[in-house]
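Below is a walk through the packing of helices, the strand order of a sheet and one pair of aromatic rings. The model is a predicted one.

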Amino acid sequence: MEKETILLTSRVRLARNIAGYPFPRKISQAQAQDLTQEVMGVLDAWEEDWLFYRLGDMSPAQGAYYLEANQISSQLLENKEMASFLRQEEIETSLMILEEDHLRIQSSREGLHLEEEYQAVARVCRDLEEKIPLAFDQRWGYLTACPTNVGTGLRASSMVHIPGLDQGGLEEVKKAISRKGFVLRGVQGEGSRSLGHIYQVSNEKTLGLGEEDFIQEAQAITQEIIQMERAQRQALYRDHFLDLEDQVKRAYGLLSQARLISYEEALAHLSQIQLGIDLGLLEAKAPFSLYDCLVDLGQGHLQLDLKKELDPKEIRQVRADKIRKQMKEVF
């Protein structure tokens, strides 16, 4: 019945601060420059080539582009006068400087690869710690700007597409994972909202377990949610087939004809397209990826693709044009 794509991506992030500097909310411009230069001095000696980006030099469209690609966070954008980030393509890792903490090291990939991502960020952290004194307490662990990150400073998360559970059973999922110290968040993590029935599953606590233990817990909970979503989809297919087919076909009809469409509306209907393909209600003749849509249909990607700034109505028009073309290619 289904060729499911419930799991979209996974990510591991470590939060670290450099001893001797105030947290980013209290840091001065001069201190921020010194801290950035200290980090860059270490990275320049490494074998890998890290690409450096200063947010103050970016246009709004460029900032949106990297946010949509999950290379940076919305909080880093808010601190763009001081903030910067680096990317290393070979190890699929990025390093944010002066977000909520001095350093946010993260690795993200499509599929469930939490162990590999953890090894990538842990290696970067170890290499940094050999040259830079990090803020650490023997009792509490790594010190962070927000108390909820104290300890390991680790967030292990997976991005899941769960339209079945979103139609029934989501509260039970939230309660079940909450008992294990995990939480469901929106597409961009804490403080963001879900789009297209896409959620992030991540640990809420960073104390009480070792880093490897948090990774194993995140792996297990992600698999549990996948199983629950799979069961809910089967129940919908069995008990509400006509309603399910109707919402999928309506989504296809709208996306095939729309001339203007917002990001939120597009993802809501594209979620139904992905569900329809997964359940065999739609037959795709070309590959379709909801995650690619999530990234590529953002305003930053649309503007950089065309190499020009667009007003809000033009963005909605370009997005609708791109989706209509995609519907023709896929179906």
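Helix H4, residues 114-131, and helix H7, residues 211-239, have axes that come within 10 Å and cross at roughly 155°. Angles over 145 degrees count as roughly antiparallel, and H4 and H7 are therefore roughly antiparallel to each other. Their crossing is right-handed. On the H4 side the contact is made by Leu114, Glu115, Tyr118 and Gln119, which meet Glu211, Glu212, Ile215, Ala218 and Gln219 in H7. Sorted by class, this contact of H4 with H7 holds four nonpolar, two polar and three charged residues.

A second helix pair is formed by H9, residues 263-278, and H12, residues 312-330, whose axes come within 11 Å and cross at roughly 15°. Since angles under 35 degrees count as roughly parallel, H9 and H12 are therefore roughly parallel to each other. The crossing of H9 and H12 is left-handed. From H9, the residues Tyr263, Ala266, Leu270 and Ile273 take part, and they meet Arg319, Ile323, Gln326 and Met327 in H12. The residues of the contact between H9 and H12 comprise six nonpolar, one polar and one charged.

The third pair consists of H2, residues 60-68, and H11, residues 299-306, which pack at an angle of about 125° with their axes 7 Å apart. That angle lies in neither the parallel, the antiparallel nor the perpendicular range; H2 and H11 are therefore oblique to each other. The crossing of H2 and H11 is left-handed. Here Ala61, Gln62, Ala64, Tyr65 and Glu68 in H2 meet Gln299, Gly300, His301, Gln303 and Leu304 in H11. The contact of H2 with H11 divides into four nonpolar, five polar and one charged residue.

Next, the strands. Eight of them make an open sheet in the order S2-S3-S4-S5-S1-S8-S10-S9, with antiparallel pairing. The edges are strand S2, residues 51-54, and strand S9, residues 182-185, each of which pairs on one side only. On average, neighbouring strands of this sheet are turned by 20° against each other, with direction ignored.

At the S9 edge, the pairing partner is strand S10, residues 198-203, and the two pair in the antiparallel sense over four bridges. Within this part of the sheet, Leu184 stands opposite Val201 in S10.

The rings come last. How many aromatic pairs does the model contain, by the rule of ring centres within 6.5 Å? The count comes to eight aromatic pairs. One of them joins Tyr53 and Phe85, with 4.8 Å from centre to centre and 10° between the planes. Planes under 30 degrees apart count as stacked, and the pair of Tyr53 and Phe85 is therefore of the stacked kind. Tyr53 belongs to strand S2 and Phe85 to strand S3, residues 84-88; the two residues are 32 residues apart, and the pair links distant parts of the chain. In the sheet order, S2 and S3 stand next to each other, with S2 as one of the edge strands.

Key
Residues numbered from 1 in each chain as written. Predicted model: local features only at pLDDT ≥ 70, side-chain atom pairs only at ≥ 80, totals over all residues. Heavy atoms only, no water. Axes fitted to C-alpha atoms, helices over the stretch in contact; angles between N-to-C directions. Parallel < 35°, antiparallel > 145°, perpendicular 65-115°, else oblique. Left-handed = near helix turned anticlockwise from the far one by under 90°. Contact = heavy atoms within 4.5 Å. Nonpolar A, V, L, I, M, F, W, Y, C, P; charged D, E, K, R; others polar. Pairing = 2+ DSSP bridges. Phe/Tyr/Trp six-rings, centres within 6.5 Å; stacked < 30°, edge-to-face > 60°.
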